[in-house]
Amino acid sequence: LFNGIQGDYYRLENSVSAFSVTSNGDPILARPFENVSLLANDALIVAMPNFVDPNTMQMFDLEGNITIKATSDVQSAGASFRRLVWMESNDCFDGFWRLNFIGGYRYFELKDSLTIVDTEFPSGGFFANGTSFSHVDQFTTENEFHGGEIGMLFTYQKRRFSLDLRAKIALGNMRRVLETAGVRNVFDPVTMITTTTPGGLLARPTNIGRNSTSGTVQRPPE
């Protein structure tokens, strides 16, 4: 064909990765993080025997668990016009070479999410039996690209054998969105009330919310 119109769409099945660990205190279970107030490495203790609270200096045992879930979703679509710019046949090899120009539109979307939940169950000290603490951190990102796409398609065909070499590049606008959410839950078994406050371990009140940016980017050749 000297000229043609083509379209494509693909989507990778939603990928989910999960991890969970529980400890009764042995082994010690903790969540490491960088403490920006102290400008040093720190850790939230989730499970540990004879744990001493640095604020109250009370000693108690800690049991706990950590659950992590990550998801990823990718999809892309495009429509392009193809025009033949060069073709040559070879009767000796019973084959031909063909070069096509490709130009059109490209859409690409990538979504990722990460959720981390830790729960601590203290026993002893001044805690009532059944008390629990938990932190929930959730991060969601979305990258959406819209742009023009140009490239070349080289084809060699000999009888039933065919070889295609394609090179394309896209230039357009990328919209980036980051959503951060986090809470801390405290369950009191005496009153049977769960108190929820904004801010987990990594998602703090200072960075919770939705941030969006956009700008011109170049999608790598493929």
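A residue is called buried when its relative accessible area is under 20%, exposed when that area is over 50%, and partly exposed in between. By this criterion Q58, with a relative accessible area of 32%, is partly exposed, because its value falls between the two cut-offs. The structure examined here is a predicted model, and the same terms are applied below to further residues and to the chain as a whole.

The protein chain contains 9 strands and 0 helices, so that the order of elements from the N terminus on reads β-β-β-β-β-β-β-β-β. Its C-alpha trace spans about 90 × 35 × 35 Å along the principal axes, and its radius of gyration is 28 Å, whereas a compact globule of 222 residues would have a value near 17 Å. Of the 222 residues, 32% count as buried, and the accessible surface comes to about 14,000 Å², with 58% of it belonging to carbon and sulfur atoms. Among contacts with a separation of 6 or more, 68% are made by residues 24 or more positions apart in the protein chain. The chain carries 19 positive and 24 negative side chains, and the centres of these two sets lie 14 Å apart.

Q58 is placed in the loop between strand 3 (40-52) and strand 4 (59-90). When residues up to four places away in sequence are not counted, Q58 touches F51, V52, D53, G125 and F126. With F126, the separation is 68 residues in sequence but 7.9 Å in space, taken from C-alpha to C-alpha.

Two aspartates that pair with arginine side chains were examined in the strands. D118, found in strand 5 (residues 95-123), has a relative accessibility of 0% and therefore counts as buried. The side chain of D118 makes a polar contact with the side chain of R31, at 2.6 Å, and R31 is also listed among the residues that D118 touches beyond four places in sequence, together with L44, V46, N65, I66, F133, S134 and H135. D73, found in strand 4, likewise counts as buried, because its relative accessibility of 12% is under the 20% cut-off. Its side chain makes a polar contact with the side chain of R11, at 2.9 Å, and, leaving aside neighbours within four places in sequence, D73 is in contact with R11, L12, N14, E109, L110 and K111.

Some features of the backbone also deserve description. Most residues other than glycine have a negative phi, and most peptide bonds are trans. Against this background, D26 and P27 are joined by a cis peptide bond, for which omega is about 10°, and P27 lies in the loop between strand 1 (3-23) and strand 2 (29-35). A positive phi of about 55° is found at L39, which is not a glycine; this residue lies in the loop between strand 2 and strand 3 and, with a relative accessibility of 72%, counts as exposed, because that value is over 50%. N50, which is not a glycine either, has a positive phi of about 55°, but the place of N50 is in strand 3.

Terms used. Residues are numbered from 1 along each chain as its sequence is written. This is a predicted model: local features need pLDDT of at least 70, side-chain atom pairs count only at pLDDT 80 or more; totals for chains, interfaces and linings use all residues. Side-chain values use heavy atoms; hydrogens and water are left out. Helices (H or I, at least four residues) and strands (E, at least two) are DSSP runs, numbered from the N terminus. The radius of gyration is taken over C-alpha atoms; the globule rule is 2.2 Å times the number of residues to the power 0.38. Buried means under 20% relative accessible area, exposed over 50%, partly exposed in between (1.4 Å probe, protein chains only). Contact means heavy atoms within 4.5 Å. Accessible areas come from the Shrake-Rupley method with a 1.4 Å probe; for residues, only the protein chains shown count as cover. Lys and Arg count as positive and Asp and Glu as negative; His and the chain ends are not counted. The place of a charge is taken as NZ of Lys, CZ of Arg, CG of Asp or CD of Glu. A polar contact is a pair of N or O atoms within 3.5 Å; within protein, one must be able to donate a hydrogen and the other to accept it, and residues adjacent in sequence count only if both atoms are side-chain atoms.
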